[in-house]
Every structure is written in structure tokens, then in C-alpha cells.
Amino acid sequence: MASATVAREALLDVRNPRTGEVDLRLPISSRVEVADKAARLRAAQPAWEAMGVGGRCAAMARWLGAVRARAADIGEADAVDTGGCHTSYLQGFITMRNVAGWLEDAPKAFESLKWEGVSISMPTVAVESQVVAYPLVGVISPWNAPLMLALLDAVPALFAGSAVLLKPSEVTPRVIETLFATVREVPELAAVFDYVTGPGEVGQAVIAEADTICFTGSVPTGRKVAVACAERLIPCNLELGGKDPCIVTASADLNRAATAVLRGAVYATGQVCYSIERVYVDKSVHDAFVAKLVEKARAVRLNSDNPRAGHIGPFTFAPQAEIVKRHLADAVAKGATIVTGGEIEDIGGGLYLRPTILTGVNHDMLIMQDETFGPCIPVMAYRDTEEAIRLANDTSFGLTASVIAGDAEEARAIGRRINAGGIFLQDTFLTFAKLRTFGSDSFGWSGYGSPRIGPESLRRFLRRKSLLTQTGPVADIQNDHHLGQGR
Ligand code: NDP
């Protein structure tokens, strides 16, 4: 979505989301610089891979120490980038958890990929496996949760033995330099981990150099990335948008449901891929649910006075406010009612929107079809469970979904029929709960490729080889019965 013009010696204007001012100008990496960095990383990667997972863990443990020492600075820098999102201040801690988690998981993941045995089809052939890292992984990341979404892919790629070239969003590039101050404290790591800055064209330059790509961002850009990777015949993993639903049944505890829906929809100003963007409520409790939701929504405070106080901050990317405005106007023009919120406020140059609840919505409206990425909660009444499930599945996306019912069994029965990768029962926003333990796939436009979390996500950066040894006599061309041996 963000764009700028690449020119020789061009500088990147970085807008501060709280003031609206351009308060940072960064050089835009040229194609030659991207190619030079890629070549340097590629040259260093074999030594990194040769260290083995144990050697890399030792280096990453030292990096963990450096991150720990700068955790507060990392959080502050991320908060300037995002405008003061709650999770920004936790980014130092989240990075530490990410690295510490892979310190435990990576050796086990490598162990689980080892295989040795005898061919079933040809018993005289011994088989052993070898895993080889893709030499250079390109990571292209978005402006929401800028550090976390860059490192979710970069960290396991490094543990796998790859070198990583990162292209963060031009909207939020500050935190990356703060992070790299810690990377440079570990020379072996600095040799295989670097970044470039600039707009989408720089992302394309990274694709031109890498052996595999991890992209997080919007569906339209994801398509361009997939096409560019296809042209080069390199794999790509795409983590794209969402339009995640929540179903609230007649038997649900409405207070609990309203609390969970509000948090799931407006956390980080709704700029989260798995935000709740559509709510379906049994018609018998629709009005009571909306009343509770409105009451709670009106108690949410902006953080305009102090980024550490308040509950939600400004839009990180100013054009996002225009998209949200367009969705709201479209909904109202088609008959929706805005019950609370709805006005974009310019406070000291930052663009804010209070939690905005809409009723009388339907699936002809943009706000029920396209990703809004703002603190908006359209609520629609449903007649019966079949209709709720049909509405929840009436989407091009399928990242996550939530169900809040009278009991977990009722919620589970509904959740099992919804097409999405993460199904949250009796709450919303449980993505963090599944980190590390296991990954899940995305449905529809929400993703492409293998899961990005869980131990098996390391596989995205590894190719498996089979070494096949003939232990018996070799077959001759005139008497070639070897294919029948194992039957
Ligand atoms: P974009 O798709 O606009 O950008 C993502 C990244 O791609 C940015 O670094 C961007 O650079 C870069 N880029 C832009 N054009 C190209 C191109 N032609 N080739 C290669 N790279 C390019 O996404 P946003 O930054 O707006 O992020 C918000 C989106 O990310 C939302 O749709 C959200 O749902 C999704 N997202 C998905 C998640 C998931 O796990 N499924 C998690 C979080 C967000 P630049 O910004 O510098 O233009």
C-alpha cells in the first residue's frame, strides 16, 4: 500500500504517526546495494551453516544477551514507528522469547528431520537424509507490528542455517536499526543477517537476489510477490490479510463476549491481521450484546496525550485512515448505522479513531468483505447456527475466527465448521497461545505456503536430500529385476 519513488541518492521520508511530521530521512537502497549485500551474505552463509545447529545456537544465545541489554530501546523505537501500540513496548521481550524459544526448539526440529533406514521398494539400498539450508532468505515485512513480523521469519531462518536479507516497511523502518545495533555485537550473526531500506521496488530487488521469500503484507502486494517468485521459480511463503469473524451465540455470557470482541477488534487500533472485523450475534441477544459492547467501547481511551497511557493509538500509516473512512461511508450509504465512534480525529497531527460500532450491516458492504484494518466492529444479527456459519465462511479470507457460546462444547461444534487456520473458542485473539507448539495453515487469501510458527516452520528454510547407497549387487541392463525386489 505504501509507495514512494526510487531515485538515485533518493531519501525515504518517514512520517511520525503521532505528529504527522516527517522526522526521519533514510537512504533508499539501490539495486546495486541490494545485490552487494546479498552477495556478501551469500558468501558468509556456508560458514554459518557449517557451524551446525549447536554452533548457531551458541551465537544466537549471545545475541539474546545483547537484545536483553537493549530491550527497552527496542521497545521505544518500535513505539515511535507504530505511534505507541501496546505491543511495541513489549518488542524487546517478544524478540527475546522468539530467540529463546528457537534455542530450545531448533535442535529438536533438526533431530526430527534426521532419517536413516532401508528402502522399502529396494531393500538392498540404504537411505539417509541430509538437510540443507536455502542460502539466502529474503524477508519482506509490513508496518503493523514491524519488528515482530520481521523476526517471526528471520529468526527461524537463521537457526536453520540460512543468511537473511530483510526489507522492512518504509513506513516503520526505525526499530530495525535499533535491533541491528544488537546484531552487530555478534560478528558471526552480523555476517549473515542484514537489511535494506526503501519502498516496494526494494522488495522486488530482494526477490531478485534471494533463494526463497517470506512475505507478510496485503493481498495485492502478496500477489505481486508470488508472481515475481514464480518468474524466478523460487518458493515463497505469504502471510496475508484477514477479515476475521466472531460468532456470539444466544447462550453466551454477553459480558464476556463483549469484552473479548472489543479487545479482539480494537487492540492496536485494529491494525492486526487477525483482528475481529465481523461479528455475528444471535438475533435474540443482538440488542443486549450491542448495548454492552457500546458501553465498553466508550470507556476506551486514546493514547494521544501519552503513548504509554490510554488504550489505542493513532493510525500508524496515514493512508489507512482513508481506507477506514471509505469503508464507513460505504456502509452508511448502504444503510448501516454507526452507533458509536466513526469520526477520524486529527490530534496534534496524529490520526485517531475511537472504537466504532456499526449495526444494520450486510455482506454487500465493503466493511463486511474487505480488510478494514481499523478499530471498527460491524455487528450483524443471525437467525440460526447454520446462517451464522454460512456468514462466517462467506469471505475470501480465512486467517482466524472466534466463537463465544454458552459452553466450550457448543463453541467447538461451530468452530470445527469454520474455514480458517486458527479457531479461538470462548475468547478472541489467541494467536499467541499457539506460538511454538504447533503451526496452522491459512485458508483462502490469508496465506500461502507452510505454517510460519511451530517447530515444523523451520522446514521452510531447509531442503531435504536423500543419500541412497546400494549395498547389494548392481543390476545389469539385460537382467534388471531390481524394481521387483521389495514387493
Ligand atoms: P503491504 O503489502 O503494503 O507491504 C508489505 C511489504 O511489502 C512492505 O515492506 C512493502 O514495502 C513491501 N512491498 C510493497 N510493494 C512491493 C512489491 N511490489 N514487491 C515486493 N515488496 C513490496 O502491506 P502493509 O505494510 O500495508 O501491511 C498491512 C497488511 O499486512 C495487511 O493486509 C495485514 O493484514 C497484513 N498482515 C498479515 C499478517 C499475517 O500474518 N497474515 C500479519 C500482519 C499483517 P513498503 O511498505 O515500503 O511499500
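Arg460 is a buried residue in this predicted model, with a relative accessible area of 6%. Its side chain meets that of Asp153 in a salt bridge, with 2.9 Å from N to O. Asp153 belongs to helix H5 (residues 146-160), whereas Arg460 sits in the loop between strand E19 (447-448) and strand E20 (462-470), so the pair ties together parts that are 307 residues apart in sequence. Asp153 is buried as well, because its relative accessibility is 1%, and the cut-off for buried is under 20%.

**Other salt bridges**

The structure holds 22 salt bridges, and a few more deserve a look. Arg40 pairs with Asp194, their closest N and O atoms being 2.5 Å apart. Here helix H1 (residues 31-50) supplies Arg40 and strand E7 (residues 193-195) supplies Asp194, so this pair ties together parts that are 154 residues apart in sequence. How exposed is Arg40? Arg40 is partly exposed, at 40% relative accessible area, while Asp194 counts as buried at 11%.

Arg390 and Glu387 give you a bridge within one helix: both lie in helix H13 (residues 385-393), 3 residues apart, about one turn of the helix. Glu387 is buried, with a relative accessible area of 12%. There is also a network of salt bridges, which links Asp23, Asp81 and Arg174.

Here are three of the pairs side by side:

| Salt bridge | Closest N and O atoms |
|---|---|
| Arg40 and Asp194 | 2.5 Å |
| Asp153 and Arg460 | 2.9 Å |
| Arg390 and Glu387 | 3.7 Å |

**Aromatic rings**

Turning to the rings, the structure holds 8 aromatic pairs. One of them joins Trp63 and Phe193 edge-to-face, at 6.2 Å centre to centre and with 85° between the planes. Trp63 lies in helix H2 (residues 52-69) and Phe193 in strand E7, so these rings tie together parts that are 130 residues apart in sequence. Trp63 is buried at 0% relative accessibility, and Phe193 is buried at 1%.

Another edge-to-face pair is that of Trp143 and Phe373, with centres 5.5 Å apart and 80° between the planes. Which parts of the chain does this pair link? Trp143 comes from the loop between strand E5 (136-140) and H5, and Phe373 from the loop between strand E15 (356-359) and strand E16 (376-382), 230 residues apart. Both Trp143 and Phe373 are buried.

Trp63 and Phe193 also take part in a cluster, where ring pairs link them with Phe180 and Tyr195. Tyr195 has a charged neighbour too: Lys37 lies over its face, at 5.6 Å from the ring centre. Elsewhere, the charged end of Arg308 sits over the ring of Tyr89, 4.0 Å from the centre of that ring.

**Around Thr19**

Finally, have a look at Thr19, which is found in the loop between strand E1 (11-15) and strand E2 (22-27). Thr19 is partly exposed, with 33% relative accessible area. A polar atom of its side chain lies 3.1 Å from the backbone nitrogen of Glu21. What does Thr19 contact, leaving aside its neighbours within four places in sequence? Its partners there are Gly348, Gly349 and Gly350. Thr19 and Ser304 are 9.9 Å apart in space, C-alpha to C-alpha, with their positions 285 residues apart in sequence.

How values were computed: Residues numbered from 1 in each chain as written. Predicted model: local features only at pLDDT ≥ 70, side-chain atom pairs only at ≥ 80, totals over all residues. Heavy atoms only, no water. Helix = DSSP H or I, 4+ residues; strand = E, 2+ residues; numbered from the N terminus. Buried < 20%, exposed > 50% of the residue type's maximum accessible area, 1.4 Å probe, protein only. Contact = heavy atoms within 4.5 Å. Polar contact = N/O pair within 3.5 Å; in protein donor to acceptor, adjacent residues only side chain to side chain. Salt bridge = Lys/Arg side-chain N within 4 Å of Asp/Glu carboxyl O. Phe/Tyr/Trp six-rings, centres within 6.5 Å; stacked < 30°, edge-to-face > 60°. Lys NZ or Arg CZ within 6 Å of the ring centre and 35° of its normal.
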